[in-house]
Amino acid sequence: MRFGYTIVYVENVRAALAFFKAAFDFETRFFNDAGEAGQYGELDTGDTVLSFASFGLAESNLPASFMRLSDLERPAGIEVAIVTDDVPSTITRAIDAGAELVAEAREKPWGQTVGYVRAPHGLLIEVCTAVGE
């Protein structure tokens, strides 16, 4: 068994993929362009895939509904982490691509530098250096 991927439900899959390209330079590895905003897409992010599915697809999979990240006033209690050697510059790039600053970069007691942004579609993103490096 292995962890395969994370799916984030968004209003506009195409826009989510474009944000991650502009903010973090992740290329799209798969995109189902059903409808103007797309239905499902995956980013080439390394060993674990980050993907996005439309609200419509989510509603068809989850008949009891779900909380839309974009509707939440504050970030949900889940995040994805983007590992980089230059946290401040990466945070600036993400903000320039449309993210909202949640917490400035700072060094943690264990030596890791960590900051937080929130993507335009509501996902909380930790921007950090690798642990133990």
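Helices and strands here are DSSP runs, with at least four residues of H or I for a helix and at least two of E for a strand, numbered from the N terminus. With that in place, let me turn to the chain itself, which is a predicted model, and whose secondary structure comes to three helices and eight strands. If we read along the sequence, the order of these elements is β-α-β-β-β-α-β-α-β-β-β.

On the overall dimensions, the radius of gyration is 15 Å, which agrees with the value near 14 Å that a compact globule of 133 residues would have. The box that the C-alpha atoms fill, taken along the principal axes, is roughly 45 × 35 × 30 Å. As for contacts, if we take those with a separation of 6 or more, 52% of them join residues that are 24 or more positions apart.

Turning to the surface, 39% of the 133 residues count as buried, while the accessible surface comes to about 7,900 Å², with 49% of that belonging to carbon and sulfur atoms. The side chains include 10 positive and 20 negative ones, and the centres of these two sets lie 3 Å apart.

Let me finish with one strand in detail, namely β5, which spans residues 79–83. Which residues of β5 make up its covered face, and which its uncovered one? The covered face consists of V80 and I82, whereas E79, A81 and V83 form the uncovered face. The partner of β5 is strand β8, residues 124–128, and the two pair in the parallel sense over five bridges. Within this pairing, V83, from the uncovered face of β5, stands opposite C128 in β8.

Methods:
Residues are numbered from 1 along each chain as its sequence is written. This is a predicted model: local features need pLDDT of at least 70, side-chain atom pairs count only at pLDDT 80 or more; totals for chains, interfaces and linings use all residues. Side-chain values use heavy atoms; hydrogens and water are left out. The radius of gyration is taken over C-alpha atoms; the globule rule is 2.2 Å times the number of residues to the power 0.38. Buried means under 20% relative accessible area, exposed over 50%, partly exposed in between (1.4 Å probe, protein chains only). Contact means heavy atoms within 4.5 Å. Accessible areas come from the Shrake-Rupley method with a 1.4 Å probe; for residues, only the protein chains shown count as cover. Lys and Arg count as positive and Asp and Glu as negative; His and the chain ends are not counted. The place of a charge is taken as NZ of Lys, CZ of Arg, CG of Asp or CD of Glu. Two strands pair if DSSP finds at least two bridges between them.
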